[in-house]
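Thank you all for coming; I would like to take you through one model this morning, going from the sheet to the helices that pack around it. Please keep the structure open in front of you while I talk.

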Amino acid sequence: MPTEEPPLSQAQELRRGTVVLACLTLLRTPQYGYALLVTLNDAGVTVDGNTLYPLLRRLEKQGLLTSEWNTDESRPRKFYRVSPEGARVQTGLVREWQDLVASIARLTKENG
């Protein structure tokens with residue numbers, strides 16, 4: 001039986017929350033937006049700039065990220081970093097993610 005791909009909208013919905021977790025995890029080390037975008041896509045967490053940049057601004061507004069401009073180079077870049085509150089939230093989300101993965105694995109094993 002061939003493996004079926006989920007409809008694009010369903011796959012996007014499934015991935016939406018994972019981008020937040022991935023950003024909070026990766027931004028324990030400061031990065032600017034484009035570098036973060038490349039890192040995410042290289043890791044298989046597909047996201048485009050039209051999604052990532054508003055997400056970064058929203059996470060900053062929620063107090064989960066901090067940012068600062070680096071003007072040392074010819075082109076100024078805004079670097080993002082996880083805040084102490086963001087690190088706390090990230091730890092909780094990782095625990096939640098691990099529990100969810102284990103639950104889905106059990107369900108698919110029982111019903112697969």
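Let me begin with a definition: two strands are taken to pair if DSSP finds at least two bridges between them. I should also say at once that what you see is a predicted model.

With that in mind, there is an open sheet of three strands, in the order E1-E3-E2, and the pairing is antiparallel. Strand E1, residues 31-32, and strand E2, residues 65-70, stand at the edges with a single partner strand each, so one side of each has no neighbour in the sheet. E2 pairs with strand E3, residues 77-82, in the antiparallel sense over six bridges, and the two are joined by a hairpin of six residues. If you want to check the register by eye, you can find Thr66 opposite Arg81 in E3, and likewise Glu68 opposite Phe79 in E3.

Now to the helices. As a general point, two packed helices are described by the angle between their axes and the distance between the axes. For helix H1, residues 8-26, and helix H2, residues 33-42, the axes come within 11 Å and cross at roughly 120 degrees, which makes H1 oblique to H2. The crossing of H1 past H2 is right-handed, and the residues that meet are Ala22, Cys23 and Leu26 on the H1 side, with Leu36, Thr39 and Leu40 on the H2 side. Sorted by character, the residues of this contact are five nonpolar and one polar, with no charged residue.

Which residues of H2 are buried? They are Gly33, Ala35, Leu36, Leu37 and Leu40, and what covers them includes H1, E1, helix H3 at 49-61, and E3. Just after H2 you will come to Gly44, which takes a positive phi of about 90 degrees.

I would like to pause on two residues in this region. The first to look at is Leu26, which is found in H1 and counts as partly exposed, at 27% relative accessibility. Setting aside residues up to four places away in sequence, Leu26 touches Gln31, Leu36, Thr39 and Leu40; its C-alpha atom is separated by 7.8 Å from that of Leu36, 10 residues apart along the chain.

The other is Gln31, in strand E1. Is Gln31 buried or exposed? Its relative accessible area is 15%, and because buried means under 20%, Gln31 counts as buried. With the same exclusion of residues up to four places away, Gln31 touches Leu26, Leu36 and Thr39, and also Lys78, Phe79 and Tyr80.

Finally, please turn to the packing of H1 with helix H4, residues 84-111, where the angle is about 130 degrees and the axes are 9 Å apart. That makes H1 oblique to H4, and this crossing is left-handed, whereas H1 passes H2 in a right-handed one. From H1 the contact draws on Thr18, Val20, Leu21, Leu24 and Thr25, and from H4 on Gly86, Val89, Gln90, Leu93, Val94 and Trp97. Those residues divide into seven nonpolar and four polar, and none of them is charged.

Definitions and conventions:
Residues are numbered from 1 along each chain as its sequence is written. This is a predicted model: local features need pLDDT of at least 70, side-chain atom pairs count only at pLDDT 80 or more; totals for chains, interfaces and linings use all residues. Side-chain values use heavy atoms; hydrogens and water are left out. Axes are lines fitted to C-alpha atoms, for helices over the stretch in contact, and angles run from 0 to 180 degrees between N-to-C directions. Helices (H or I, at least four residues) and strands (E, at least two) are DSSP runs, numbered from the N terminus. Angles under 35 degrees count as roughly parallel, over 145 as roughly antiparallel, 65 to 115 as roughly perpendicular and the rest as oblique. A crossing is left-handed if the near helix is turned anticlockwise from the far one by less than a right angle, and right-handed if clockwise. Contact means heavy atoms within 4.5 Å. Ala, Val, Leu, Ile, Met, Phe, Trp, Tyr, Cys and Pro count as nonpolar, Asp, Glu, Lys and Arg as charged, and the others, Gly among them, as polar. Buried means under 20% relative accessible area, exposed over 50%, partly exposed in between (1.4 Å probe, protein chains only).
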